[in-house]
Amino acid sequence: MNTLPDRIARVLRQDVQSMHAYAVQPSAGFIKLDAMENPFALPAHLQQALGERLGRVAMHRYPAGRVDELKAALARHAGLPEDCALMLGNGSDELISLLAMACDVPGATLLAPLPGFVMYAMSAQLQGLRFVGVPLTADFELDEAAMLAAIEQHQPAIVYLAYPNNPTGNLWSDESIERIIQAAPGLVVMDEAYQPFASRDSMARLARWPQVLVMRTMSKFGLAGVRIGYMMGRRELIEQVDKVRPPYNISVLNAEAALFALEHADEYARQAGVIRAERQRLMAALSDMPGVRPFPSEANMILVRVPDAGAWFARLKQHGVLVKNVSALHPLLHNCLRLTVGTPEENTQMLQALKANL
Ligand code: PMP
């Protein structure tokens, strides 16, 4: 392995040098059920129409008008209230980083339940905020008393609530969420990456609470490769956070592809419907497997506890199925695998591969 020459190591942050990069498993040749992607490609006629649209995009110009049109189309799609605004990120990953940057006042804290999405802690570390993680209960509900005590103690600038949560897949009690929002001294972000598969959302909270932001992404909708995330909140707040966004962060090709997808939102809604039905089929089949405990899900993933996650993960791989072994991420996830809901055929193969462990 090459080591960095001293004079270069000296100028790079120590904490960056000792951190792990965001890990992406090699997936070539596998049935890929590890990253909550929509498993359906566009039908061929739409793919062709999209290609023609992209062929006409003015790539020699910086992004401008079409990005504004995308913001307007997303606002209509989400039902954004009048006094609210929306900003775009290169995936919601970028928005998470930008928000931490905007709130980086000395001593600022970012608080989130654990286990949760890893980017919250990572954004805090990189921007110099303190991260406080509050464990969920053993069945992955919010521990409301612990959350309220931690909020009281740490006075966080930002609280993240992923609704549904990753990797647990569940929605939390709305009563607890309301009390947490009321107690939070700073911003509360409802991260709704999995909203296309959930039975409830937080749009009504935008009207009730000036400190609430709702973050969404087109990734789970069906555009993970396109990288479009959006964050909604009161206009005055969004205007401030939007100042830290790098200029032209949304490529013209991404904006055009996202506009095209929104024009065909009914096709994506149909795909989400199939995924929700498949989730139900998987839940029933997993519940019938001895030793396997699936947890309730409102997302396009199911967290399952198995007798030996390492061995089961390896056996699934031998059968050509790639899932995510999340056991090491948090003690509460002991022996847990996270299964993304795929196409009906992929799900059947995953169930067969799981049965090979029995
Ligand atoms: N929020 C949550 C809860 C997620 O699970 C993910 C990705 N898996 C993201 C945000 C980031 O999504 P993206 O950057 O693709 O928009």
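Domain bounds in this report come from an automatic or database domain assignment. On that basis the protein, which is seen here as a predicted model, is divided into domain 1, made of residues 6-44 and 266-355, and domain 2, made of residues 57-263.

**The two domains and their contact**

The C-alpha centres of domain 1 and domain 2 lie 22 Å apart, and the contact between them takes 25 residues from domain 1 and 23 residues from domain 2. On the side of domain 1 that touches domain 2, α13 (265-287) and β10 (301-305) each supply at least two residues, and α13 gives the most, with five residues. Sorted by character, the residues of this side of domain 1 divide into 15 nonpolar, five polar and five charged.

**The sheet of seven strands**

An open sheet of seven strands, with mixed pairing, follows the order β2-β8-β7-β6-β5-β3-β4. Its edge strands are β2 (84-89) and β4 (130-135), each of which pairs on one side only, and neighbouring strands of the sheet are turned by 25° against each other on average, with direction ignored.

Within this order, β3 (residues 109-114) and β4 pair in the parallel sense over six bridges, and the bridge partner of Pro113 in β4 is Val134. From β3 the chain crosses through helix α6 (residues 118-127) to β4, and this β-α-β crossover is right-handed. Strands β7 (residues 212-217) and β8 (residues 229-234), by contrast, run antiparallel and are joined by four bridges; here Thr217 has Gly229 of β8 as its bridge partner.

**The sheet of four strands**

An open sheet of four strands has the order β9-β10-β13-β12, with antiparallel pairing, and its edge strands are β9 (293-294) and β12 (324-325), each pairing on one side only. Two bridges connect β9 and β10 in the antiparallel sense, with Arg293 standing opposite Arg305 in β10. Two helices lie across strands of this group: α13, the helix that gives the most residues to the side of domain 1 that touches domain 2, lies across β9 and β10 and runs at about 10° to β10, while α14 (residues 309-318) lies across β12 and β13 (336-340) and runs at about 35° to β13.

**Backbone features in the loops**

Most residues other than glycine have a negative phi, and most peptide bonds are trans. The table lists places in this model where the backbone takes another form.

| Site | Backbone feature | Loop |
|---|---|---|
| Leu114 to Pro115 | cis peptide bond, omega near 0° | Pro115 between β3 and α6 |
| Asn166 to Pro167 | cis peptide bond, omega about 10° | Pro167 between β5 (158-162) and α8 (174-183) |
| Phe140 | positive phi, near 65° | between β4 and α7 (144-154) |

Two of these sites touch on elements already described, since Pro115 is found in the loop between β3 and α6, and Phe140 lies in the loop between β4 and α7.**Around the ligand**

Which residues are closest to the ligand? The ligand is surrounded by 13 residues, and the closest are Gly91, Asp93, Asn166, Thr217 and Ser219. The shell around the ligand divides into five nonpolar, six polar and two charged residues. Two of the closest residues have appeared above: Asn166 is joined to Pro167 by a cis peptide bond, and Thr217 is the bridge partner of Gly229 in β8.

Conventions
Residues numbered from 1 in each chain as written. Predicted model: local features only at pLDDT ≥ 70, side-chain atom pairs only at ≥ 80, totals over all residues. Near = placed C-beta within 6 Å. Nonpolar A, V, L, I, M, F, W, Y, C, P; charged D, E, K, R; others polar. Contact = placed C-beta atoms within 7 Å. Pairing = 2+ DSSP bridges. Axes fitted to C-alpha atoms, helices over the stretch in contact; angles between N-to-C directions. Right-handed = clockwise from strand over helix to strand, strands pointing away.
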